[in-house]
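Student: Please take a close look at the sheet and at the aromatic side chains on it. I would like one connected account.

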Amino acid sequence: MAGRIRVVVAKPGLDGHDRGVKVVARALRDAGMEVIYTGLHQTPEQIVRTAIQEDAAAIGLSILSGAHMTLFARLFEVLREEGAEDIVVFGGGIIPEADIPELATMGVARIFTPGSTTQEIVEWVRSAVPAIV
């Protein structure tokens with residue numbers, strides 16, 4: 001049996017709007033992936049701990065609060081501290097186009113901005129995230 005892609009999706013910080021992340025989580029599940037949604041108001045430390053415990057190959061952050069630069073930076077710090085830099089990190093939400101190059105330099109593999117379709121997200125995750133064997 002082929003492995004399945006395992007993804008942690010999370011809402012870091014104080015942002016309380018979770019409809020979009022739930023839609024993405026459902027689309028990834030419907031596409032045959034294992035998805036762990038951490039819920040609202042998670043810290044980068046909690047998100048990384050969950051990803052490691054669940055042996056996830058990717059973390060997807062949904063950020064609408066404007067704190068994306070700080071939250072992604074801290075997530076990568078924690079991934080380095082935990083020796084888990086092999087986890088693919090992607091995100092989406094209200095993120096200005098001007099910030100995307102800096103996020104890419106930080107290590108964010110892909111940012112999905114408003115208007116991205118769930119099919120686009122599913123296809124990208126399938127192509128960029130390794131399955132757990």
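Tutor: The account below takes the sheet, then its helices, then the aromatic pairs. This is a predicted model, in which local features need pLDDT of at least 70 and side-chain atom pairs count only at pLDDT 80 or more, while totals for chains, interfaces and linings use all residues. Residues are numbered from 1 along each chain as its sequence is written, and side-chain values use heavy atoms, without hydrogens and water.

Five strands (DSSP E runs of at least two residues) form an open sheet in the order β2-β1-β3-β4-β5, with parallel pairing; a pair requires at least two DSSP bridges. β2 (34-37) and β5 stand at the edges with a single partner strand each, so one side of each has no neighbour in the sheet. From one strand to the next, the twist averages 20 degrees (axes are lines fitted to C-alpha atoms, for helices over the stretch in contact; angles run from 0 to 180 degrees between N-to-C directions).

Helix α1 (residues 19-30; helices are DSSP H or I runs of at least four residues, numbered, like strands, from the N terminus) packs on the sheet and touches β1 (6-10), β2 and β3, contact meaning heavy atoms within 4.5 Å. Its direction makes about 160 degrees with that of β2.

Three aromatic pairs are counted: rings of Phe, Tyr and Trp (its six-membered ring) pair if their centres lie within 6.5 Å, and planes under 30 degrees apart are stacked, over 60 edge-to-face, the rest tilted. Phe-90 and Phe-112 form an edge-to-face pair, 6.4 Å centre to centre with 90 degrees between the planes. Phe-90 lies in β4 (residues 88-93) and Phe-112 in β5 (residues 110-112), so the pair ties together parts 22 residues apart in sequence. Both are buried (under 20% relative accessible area, against over 50% for exposed and in between for partly exposed; 1.4 Å probe, protein chains only). With Trp-124, Phe-90 and Phe-112 form one aromatic cluster.
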